[in-house]
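Here is a short, friendly tour to read with the model open beside you. Please take a moment to load the coordinates and have the sequence at hand.

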Amino acid sequence: MKAFIIAVGDELLSGRTLDYNSHWVSRRLTGLGFQVSGISVVPDILEEIEETVKKCLEKKANLIVITGGLGPTPGDITLEALSKALGRKMSIEPRALEMIKDKYRQLFEAGHVSSPEITEDRKKMAILPEGGTPIFNAVGVAPGVFLREGTTKILVMPGVPSEMMYILEMAIPLLSESEKEKGVIRIAETVVDIGDESALAPLLRKVMKKFPQVSIKSYPTGFGERVKMRIIASTKTDDAVEGDKILNKALELLKAMIQK
């Protein structure tokens, strides 16, 4: 399984920012059984990004991971470059737009932004290449994007390391899934009012023992007294409806344990 990493950003080439993302991604992919066959660092230039993606496709990459350039500014052009490289149109992805709306509502309610309005710049983060699947970003705003080009899987993530790390973990079931394997990955999320992961850990173990087909991970959100825990449960199943039922039961059990 041959993988290529593309890190986008002028700040990486100037030396102002260390390319920590490529290091982290390569370690995670190697641990999953991929052979990282190349890492490219490219500037925020559309043609450069497009050309690098095409070269990776020409080398029969099984996986291309791209970091950087997913924000609301004019310089965030990674998805546009990817779209051109694949010859795909770009359009508003409804699920991505809902993720962004929900995140700005939360940021507004917490006092971190002056308005929850979805401006054209904010909406830009929901414009994805045709066929792209958004991946929720609990740490930042811009969703990650997963898509396929023939036998090549492509994952695009923000350049902020904490956001990249979160989205990469969420995408691992998609990256490691064999083309020949049957079944789908189902994911369910909730937020629980508990700020201490050490207190949450034994409860997670109990739930996963009762539902061994379910994997559950926790991610702190907020600051100080506002800390809560975002819980993400996943399972692989041949029946999507049944998989969703199992995830809901697992999360309901966890909530009941916390309330005791």
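The sections below cover the ground rules, then a strand, a serine and a helix.

## Ground rules

This is a predicted model, in which local features need pLDDT of at least 70 and side-chain atom pairs count only at pLDDT 80 or more, while totals for chains, interfaces and linings use all residues. Residues are numbered from 1 along each chain as its sequence is written, and side-chain values use heavy atoms, with hydrogens and water left out.

Helices (H or I, at least four residues) and strands (E, at least two) are DSSP runs, numbered from the N terminus. Buried means under 20% relative accessible area and exposed over 50%, with partly exposed in between (1.4 Å probe, protein chains only).

## Strand β1 and its partners

Let's start with β1, residues 2-8, where 6 of the 7 residues are buried. Strand β1 pairs in the parallel sense with β2 (residues 35-42) over 7 bridges, and also in the parallel sense with β3 (residues 63-67) over 5 bridges. Two strands count as paired if DSSP finds at least two bridges between them.

Ile6 is a handy place to see both pairings: its bridge partner in β2 is Ser40, and in β3 it stands opposite Ile66.

## Ser22 in helix α2

Ser22 belongs to helix α2, residues 20-31. Is Ser22 buried or exposed? Its relative accessibility is 4%, so Ser22 counts as buried.

The side chain of Ser22 makes a polar contact of 2.6 Å with that of Asp19. Such a contact is a pair of N or O atoms within 3.5 Å; within protein, one must be able to donate a hydrogen and the other to accept it, and residues adjacent in sequence count only if both atoms are side-chain atoms. Leaving aside residues up to four places away in sequence, Ser22 touches Ile5, Ala7 and Ile39, where contact means heavy atoms within 4.5 Å.

## Helix α5: ends and faces

Just before helix α5 (residues 94-109), Glu93 caps the N-terminal end, with a side-chain oxygen 2.7 Å from the backbone nitrogen of Arg95. After the helix comes Gly111, whose phi is positive, near 85°.

Which residues of α5 are buried? They are Ala96, Leu97, Met99, Ile100, Lys103 and Tyr104. Seen down the axis, these buried residues fall within an arc of 155° (taken from the directions from the helix axis to the C-beta atoms), so they line one face of α5. Their cover includes β4 (90-92), α6 (120-123), β5 (127-129) and β6 (133-135). On the face turned away from the buried side, α5 carries the exposed residues Pro94 and Glu109.

Notes. The expected span of a helix is 1.5 Å times one less than its number of residues.
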